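This report is intended for a reader meeting the structure for the first time. Please keep the sequence and the three-dimensional view at hand while reading.

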Amino acid sequence: MRCRAAVVGLGYWGPNLARNLVQSAADYELVALCDSSPARLARLGALYPSVAQFADVGDMLASANVDLVCVATPVASHHSIARAALNAGANVLCEKPLTSTVEEAEDLVQLARARGKRLFVDHTFAYTPAVRAIRAAYQQRVLGSLFYVDSVRINLGLFQADVDVVWDLAPHDLSILSYVLGERAVSVKATGSSHNPHGLTDVAYLTVGYEGGMEAHLHLSWLSPVKVRRMIFSGTDRSLIYDDLDASEKVRIYDHGVNFDVADVEARKRVLVSYRRGEMRAPALDTSEALAVELREIAAALRGESATVTTGDDGLEVVRVLRAAATSLANDGARVAT
Ligand SMILES: NC(=O)c1ccc[n+]([C@@H]2O[C@H](COP(=O)([O-])OP(=O)(O)OC[C@H]3O[C@@H](n4cnc5c(N)ncnc54)[C@H](O)[C@@H]3O)[C@@H](O)[C@H]2O)c1
């Protein structure tokens with residue numbers, strides 16, 4: 001049976017969810033659209049005239065029989081909307097970051113469990129062919145152990161009114177890293193600055209420590225004249241560069257490296273450093289849209305089949321790291337446990 005789905009929040013991201021739901025017609029029927037802005041509701045409603053329209057989530061939940069509510073409103077409203085949807089007996093796919101506080105995220109995870117419903121979080125990058133290829137390369141030890149990960153996620157805008165650049169952009173890096181590494185982040189050091197009248201941090205640098213000891217360095221900015229989406233995974237055997245803006249070679253694996261030959265402790269002063277420069281290969285990636293893959297896997301999970309999905313627990317973990325980053329920002333970059 002097809003899943004009856006609704007989208008709440010039809011600004012920048014919500015229309016992508018609506019389009020993918022409609023394109024995934026074997027699994028879903030888009031039955032309701034909701035936005036408190038009449039103009040946005042009318043604009044998307046015009047594209048899908050047979051779909052019921054609501055200005056209020058409560059009205060939608062009371063009158064439309066919905067199996068999956070997709071929440072694509074600003075972060076501050078995720079908790080109350082997702083809570084209402086779970087209480088109305090629906091499953092929820094919530095945008096990242098799951099909530100604005102750890103307590104709210106914990107509440108949703110517990111509520112979903114108590115109601116016997118599924119809570120998914122839209123960590124979109126975990127469904128991209130590029131990130132899946134990176135995970136495979138790491139998990140199959142193609143890279144060896146990681147020295148570090150360095151990520152640059154900068155562009156001009158989109159300034160958000162209710163979250164800073166860390167809460168807006170870091171969820172992407174954090175969800176990619178926990179998916180690729182299969183490890184939890186255990187600590188964060190964060191510094192940053194604000195150049196806007198809201199006082200929200202718009203440039204930030206995070207160092208995130210993982211269970212296995214590896215550290216990831218994230219540079220996040222809404223104030224860069226150019227857009228960069230690049231992650232370097234520096235490994236003992238090979239290194240990988242993921243450039244999400246490169247249409248043809250998003251993932252490149254370099255057989256380059258450095259060997260530190262130290263015969264014994266006494267010889268440390270005479271470390272022999274040798275450089276290895278080998279081939280580069282760019283694995284072929286399919287061109288599936290992440291949201292389409294995500295919706296397919298969510299539909300399978302809802303049917304009780306095994307599927308790789310990002311859940312409320314994954315969303316909660318990211319929110320814990322974001323809270324630690326906020327504490328560190330307020331404490332001059334001190335290391336804060338998650
Ligand atoms: N997964 C991704 O790659 C990705 C990309 C962009 C944005 N997002 C996330 O999507 C969410 C929305 O971001 P956006 O950029 O689309 O925001 P946006 O401001 O463009 O759109 C939000 C929409 O929600 C509506 N809205 C607000 N409160 C509402 C309520 N209580 N009931 C009904 N409608 C309400 C607004 O009128 C607006 O149309 C955020 O959580 C953001 O982090 C995710």
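The sections below treat the sheets, the cysteines, a surface patch and one helix residue in turn.

The coordinates are those of a predicted model.

**The parallel sheet**

Six strands make up an open sheet with parallel pairing, and their order is E3-E2-E1-E4-E5-E6. Strand E3 (52-54) and strand E6 (119-122) lie at the edges, each pairing on one side only. On average, neighbouring strands of this sheet are turned by 25° against each other, direction ignored. In general, the strands of a sheet are paired through backbone hydrogen bonds, in either a parallel or an antiparallel manner.

Strand E4 illustrates the pairing. Strand E1 (residues 3-8) runs parallel to E4 and is joined to it by four bridges. Strand E4 (residues 68-71) is in turn joined by four bridges to strand E5 (residues 91-95), and these two strands also run parallel. Individual residue pairs from both the parallel sheet and the mixed sheet are collected in the table.

| Residue | Partner |
|---|---|
| Val8 | Val71 in E4 |
| Leu68 | Asn91 in E5 |
| Val69 | Val92 in E5 |
| Lys189 | Thr207 in E9 |

What covers the two faces of E4, and which residues are buried there? Both faces are covered: Leu68 and Cys70 are buried on one side, and Val69 and Val71 are buried on the other. In a regular strand, side chains alternate between the two faces of the sheet.

**The mixed sheet**

A further open sheet consists of nine strands in the order E14-E13-E12-E11-E7-E10-E9-E8-E15, with mixed pairing. The edge strands are E14 and strand E15 (336-337), each of which pairs on one side only. Within this sheet, strand E8 (residues 185-193) and strand E9 (residues 203-210) pair in the antiparallel sense over eight bridges.

**The cysteines**

How many disulfides does the structure hold? The number of disulfides is zero. A disulfide is a covalent bond between the sulfur atoms of two cysteines. The sulfur of Cys34 has its closest cysteine sulfur in Cys70, at 12 Å, and this is too far for a bond. Cys94 is likewise in no disulfide, and the nearest cysteine sulfur, again that of Cys70, is 9.9 Å away.

Is Cys34 buried or exposed? Cys34 counts as buried because its relative accessibility is 2%. Cys94 also counts as buried, with a relative accessibility of 0%.

**A nonpolar patch on the surface**

Phe147, Tyr148, Phe260, Val271, Val273 and Tyr275 together form a nonpolar patch on the surface, with a combined accessible area of about 580 Å². Strand E7 (146-156) and strand E14 (272-281) each supply at least two residues of this patch. Val271, one of the patch residues, is found in the loop between strand E13 (251-261) and E14. Because its relative accessibility is 32%, Val271 counts as partly exposed.

**A residue in helix H7**

Tyr179 is found in helix H7 (residues 165-181). With a relative accessible area of 15%, Tyr179 is buried, since burial requires a value under 20%. Which distance separates the C-alpha atoms of Tyr179 and Asp122? The two residues are 57 residues apart along the chain, and their C-alpha atoms are separated by 13 Å.

Terms used:
Residues are numbered from 1 along each chain as its sequence is written. This is a predicted model: local features need pLDDT of at least 70, side-chain atom pairs count only at pLDDT 80 or more; totals for chains, interfaces and linings use all residues. Side-chain values use heavy atoms; hydrogens and water are left out. Patches are made of residues with over 30% relative accessible area and no salt bridge: like charges are joined within 9 Å, nonpolar side chains (Val, Leu, Ile, Met, Phe, Trp, Tyr) within 5 Å. Accessible areas come from the Shrake-Rupley method with a 1.4 Å probe; for residues, only the protein chains shown count as cover. A salt bridge is a side-chain nitrogen of Lys or Arg within 4 Å of a carboxyl oxygen of Asp or Glu. Buried means under 20% relative accessible area, exposed over 50%, partly exposed in between (1.4 Å probe, protein chains only). A disulfide is a pair of cysteine sulfur atoms within 2.5 Å. Two strands pair if DSSP finds at least two bridges between them. Axes are lines fitted to C-alpha atoms, for helices over the stretch in contact, and angles run from 0 to 180 degrees between N-to-C directions.
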